[in-house]
Amino acid sequence: MALLLLLFLANILTISEGTCEPGIVKQIHLLRPRSGAGGNSIPGLSCLSWRLTVETNNIIGWKTVPEECEEYVGHYMLGKQYRKDSRAVAKEAFLYAQSLKLAGDGKDIWIFDIDETTLSNTPYYAQHGFGAEPYNATLFDKWVMEGAAPALPESLWLYNKLLSLGIKVVFLTGRHESQRNTTASNLKNVGYHAWNKLILKEPSKYSGKTAVFYKSKEREMLEKKGYRIIGNMGDQWSDLLGTNTGNRTFKLPDPMYYIS
């Protein structure tokens, strides 16, 4: 695990490739092969199927990554395949956005989640089992308050493309209101320089409510104010399910944790 983190930090100094614009740092090292064609039993191969069922929302309510899949998930998150998967989603989202005829009144908005959507917490999870360790809110909040999360390069690329089309951006996150200033600074420091709204959760208002309920209610309020949600992107199904989900939703990969 320590080696994976060192490789992650080393690559953060190099320039990204593919759809990412110059200046967006590369954050991943090459995916290490986890399968073969020799007909032998390949350790960790079943984790491919586990990730598929997680990403398609067929496994729900899970608490941690299976212990035997920790190394596989780590290699995926720090590897080329995660970047390719994210890039495929971002490209499709841009092609869709590019095809739209906007009203031009500033009410066409695109909703982005933050964690594992626009900002990456991979440096944190690399030190905590890539989701194989039980979630620790105290430790994670401490990481958030450092304001050191890098951008997910493919999402930053899409963000800039959407702005160039005249689409307004709204960030809707499960982070708490008390983390607003740190989150805003973190977003700006990694390239998200402008947005229409940054919506964070008020714990007293949504105590005991699911993420689906919280995000549905906030999207409903946006639409009541006259906004049109033309796109909605997140790494969790709870970002995309419920009501007032928008004209189209786009799911980014994230096999490290589940939020209901």
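Which strands does helix α10 (residues 211-224) lie across? Select α10 in this predicted model: the helix crosses β1, β2, β3 and β4, and runs at about 150 degrees to β2.

**The sheet**

Next, select the strands under α10. They belong to an open sheet of 5 strands, ordered β3-β2-β1-β4-β5, and the pairing is parallel. At the edges stand β3 (197-201) and β5; each has a single partner strand, so one side of each is left without a neighbour in the sheet. On average, neighbouring strands are turned by 20 degrees against each other, direction ignored.

Now show β1 with strand β2 (residues 168-176). The two pair in the parallel sense over 4 bridges. Pick I111 and look across to β2, where V170 is its bridge partner.

**Helix α7**

Add α7 (153-164). This helix lies across β1, β2 and β4, and its direction is at about 170 degrees to β1.

**Helix α4**

Move to α4, residues 80-98. At 1.5 Å a residue, its 19 residues should span 27 Å, and the end C-alpha atoms are indeed 27 Å apart, which agrees. Colour the buried residues of α4: Y82, R83, S86, R87, V89, A90, A93, F94, Y96 and A97. An α-helix has 3.6 residues a turn, so residues three or four places apart point the same way. Then display what these buried residues pack against: α3 (70-77), β1 (108-112), α7, β4 (228-234) and β5 (249-251).

**The nonpolar cores**

Which residues touch the most other members of the largest nonpolar core? Select V73, W110, F112, L158, F171, Y192 and M233; this core has 52 residues. The element that gives the most to this core is α4, with 7 residues. In soluble globular proteins, nonpolar side chains tend to be buried together.

Centre on F112 and show its contacts. Leaving out residues up to four places away in sequence, F112 touches T117, T118, S155, L158, Y159, L162, V169, V170, F171, L172 and M233. There is also a second, separate core of 10 residues, with I109, L172, I199 and Y227 among them.

**A last stop in a loop**

Finally, go to the loop between α2 (46-55) and α3, and pick E67. Is E67 buried or exposed? Its relative accessible area is 70%, and because exposed means over 50%, E67 counts as exposed. To finish, draw a distance from E67 to G131: the two are 64 residues apart along the chain, and their C-alpha atoms are separated by 9.2 Å.

Terms used:
Residues are numbered from 1 along each chain as its sequence is written. This is a predicted model: local features need pLDDT of at least 70, side-chain atom pairs count only at pLDDT 80 or more; totals for chains, interfaces and linings use all residues. Side-chain values use heavy atoms; hydrogens and water are left out. The expected span of a helix is 1.5 Å times one less than its number of residues. Buried means under 20% relative accessible area, exposed over 50%, partly exposed in between (1.4 Å probe, protein chains only). Contact means heavy atoms within 4.5 Å. A nonpolar core is a set of buried Ala, Val, Leu, Ile, Met, Phe, Trp, Tyr and Cys residues joined through side-chain atoms within 4.5 Å. Two strands pair if DSSP finds at least two bridges between them. Axes are lines fitted to C-alpha atoms, for helices over the stretch in contact, and angles run from 0 to 180 degrees between N-to-C directions.
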